[in-house]
Amino acid sequence: MFNLTYEFKLKPTTTQVAIFEDWLEQCRRVYNFALAERKDWLKSRSCQINACSIRSEYIIPADKPRPTYACQCKALTQARAIIPALNAVQVQVLQQTIKRLERAFISMWEQKHGFPRFKKVGAMRSFVFPQMGVEPLKNSAVKLPKIGWVKFRQSREIPSGATLKQVRVVRRVSGWYAMLTLQWEVSIPDVIPHGNPVGIDVGLTNFIATSNGILIERPRFFIDAERKLKLLQQRVSRKRISSNNWKKASEKSCSVARVRR
């Protein structure tokens, strides 16, 4: 598989812009609600066994499992049945918002990132369509699920034979943009070995030692640059300060010092 992302500026109508803004707001609310649910669960497990906070305490049943992507998507389905604003948004767009929160928690646990924060009004900048319909691209327009055809400014040609896997709609100061992720079925042929293979080992005494007995000496870039820097600094010290010769010598010394670093 070979993936490429093409970015094009959208030319939505006034009605489509209103839909985009409403969907971003609904995604923000779903993100904040899911984050609050996870945060409350974690705080309810962090209190001491023999003491509770005087000000407030999170009381959640001990047998309630930790909120995950799967259970929050299940709760999202129930919420869409009773909340018309959520039902108006394509379901996979909201699911991708919860998956975005899940990735934030994974980054916090595995890569030591900070705890996810709540999104303020206007902070949500994009939403994703993970699956597209049949022939979603036609005449410089993309067919977004539950929205319809949205025109875009095709600044470059899209290669043929590609499958549109997902679309990310992004809001920026300069307007609305679409990130089209295209996928190609590419088979890379296996290279048939030919010639005499040579093993290479990198060491300290010799820079490279090959299996056929060739030794390449270690280059001494640092030592050579240090010697040259010492000589240039001596020349600078012998010049009259602020003279033209002093400035020229200082520039040469600084250039060698940058190479040395």
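Tutor: A strand is a DSSP run of E with at least two residues, and strands are numbered from the N terminus. The model is predicted.

Student: In which strand does Val167 lie?

Tutor: The strand in question covers residues 163-172. Val167 falls inside that run, in β5.

Student: Is Val167 buried or exposed?

Tutor: Buried means under 20% relative accessible area. Val167 has 0% relative accessibility, so Val167 counts as buried.

Student: Which residues does Val167 touch, not counting residues up to four places away in sequence?

Tutor: Sequence neighbours up to four places away are left out here. What remains for Val167 is Phe127, Val128, Phe129, Met132, Val142, Leu144, Ala178, Met179 and Leu180.

Student: How far apart are the C-alpha atoms of Val167 and Leu204?

Tutor: Along the chain, 37 residues separate Val167 from Leu204. In space, their C-alpha atoms are separated by 50 Å.

Student: Phe129 is one of the contacts of Val167. What is the distance in space from Phe129 to Gln90, C-alpha to C-alpha?

Tutor: Phe129 sits in strand β2, and its 0% relative accessibility makes it buried. Phe129 touches Gln90, and its other contacts include Trp23, Val93, Leu144 and Val169. In sequence, Phe129 and Gln90 are 39 residues apart. Their C-alpha distance is 8.5 Å.

Student: On to the helices. How far does α2 reach from its first C-alpha to its last?

Tutor: Helix α2 runs over residues 69-82, which gives 14 residues. At 1.5 Å a residue, 20 Å is expected, and the model comes close to that. The reach of α2 is 20 Å.

Student: What arc do the buried residues of α2 cover around the axis?

Tutor: The buried residues of α2 are Gln72, Cys73, Leu76, Ala79 and Arg80. Their narrow arc puts them on the same side of α2, and that arc is only 115°.

Student: Which residues are exposed on the other side of α2?

Tutor: Exposed means over 50% relative accessible area. On the other side of α2, the exposed residues are Ala70, Lys74, Gln78, Ala81 and Ile82.

Student: Which helices are included in what covers the buried residues of α2?

Tutor: The cover includes helices at 14-46, 84-87 and 91-110. By name, these helices are α1, α3 and α4.

Student: At what angle do the axes of α2 and α4 cross?

Tutor: The two axes come within 10 Å. The crossing is right-handed. Its angle is roughly 145°.

Student: How many nonpolar residues does the contact of α2 with α4 have?

Tutor: From α2, the contact uses Tyr69, Gln72, Cys73, Leu76 and Arg80. From α4 come Val91, Leu94, Gln95, Ile98, Lys99, Leu101 and Glu102. By class, 2 are polar and 3 charged, and the nonpolar number is 7.

Student: What should the 20 residues of α4 span at 1.5 Å a residue?

Tutor: The end C-alpha atoms of α4 are 29 Å apart. That agrees with the expected span, which is 28 Å.

Student: Against which elements do the buried residues of α4 pack?

Tutor: Among the buried residues of α4 are Val93, Leu94, Ile98, Leu101, Phe105 and Met108. The buried residues of α4 pack against α1, α2, α3 and β2.

Student: What does Arg103 count as at 44% relative accessibility?

Tutor: Arg103 also lies in helix α4. Buried means under 20% and exposed over 50%. At 44%, Arg103 therefore counts as partly exposed.

Student: What is the phi of Lys112, which is not a glycine?

Tutor: Most residues other than glycine have a negative phi. Lys112 lies in the loop between α4 and β2 and, at 71% relative accessibility, counts as exposed. Its phi is positive, about 60°.

Student: In which loop is Ser242 found?

Tutor: Ser242 also has a positive phi, near 75°, and is not a glycine. The helices on either side cover 221-238 and 244-260. Ser242 is in the loop between α5 and α6.

Student: Which residues does Ile216 touch, not counting residues up to four places away in sequence?

Tutor: Ile216 is in strand β9 and counts as partly exposed at 40% relative accessibility. Leaving out close sequence neighbours, Ile216 touches Asn206, Phe207 and Ile208.

How values were computed. Residues are numbered from 1 along each chain as its sequence is written. This is a predicted model: local features need pLDDT of at least 70, side-chain atom pairs count only at pLDDT 80 or more; totals for chains, interfaces and linings use all residues. Side-chain values use heavy atoms; hydrogens and water are left out. Helices (H or I, at least four residues) and strands (E, at least two) are DSSP runs, numbered from the N terminus. The expected span of a helix is 1.5 Å times one less than its number of residues. Buried means under 20% relative accessible area, exposed over 50%, partly exposed in between (1.4 Å probe, protein chains only). The arc is that of the directions from the helix axis to the C-beta atoms. Contact means heavy atoms within 4.5 Å. Axes are lines fitted to C-alpha atoms, for helices over the stretch in contact, and angles run from 0 to 180 degrees between N-to-C directions. A crossing is left-handed if the near helix is turned anticlockwise from the far one by less than a right angle, and right-handed if clockwise. Ala, Val, Leu, Ile, Met, Phe, Trp, Tyr, Cys and Pro count as nonpolar, Asp, Glu, Lys and Arg as charged, and the others, Gly among them, as polar.
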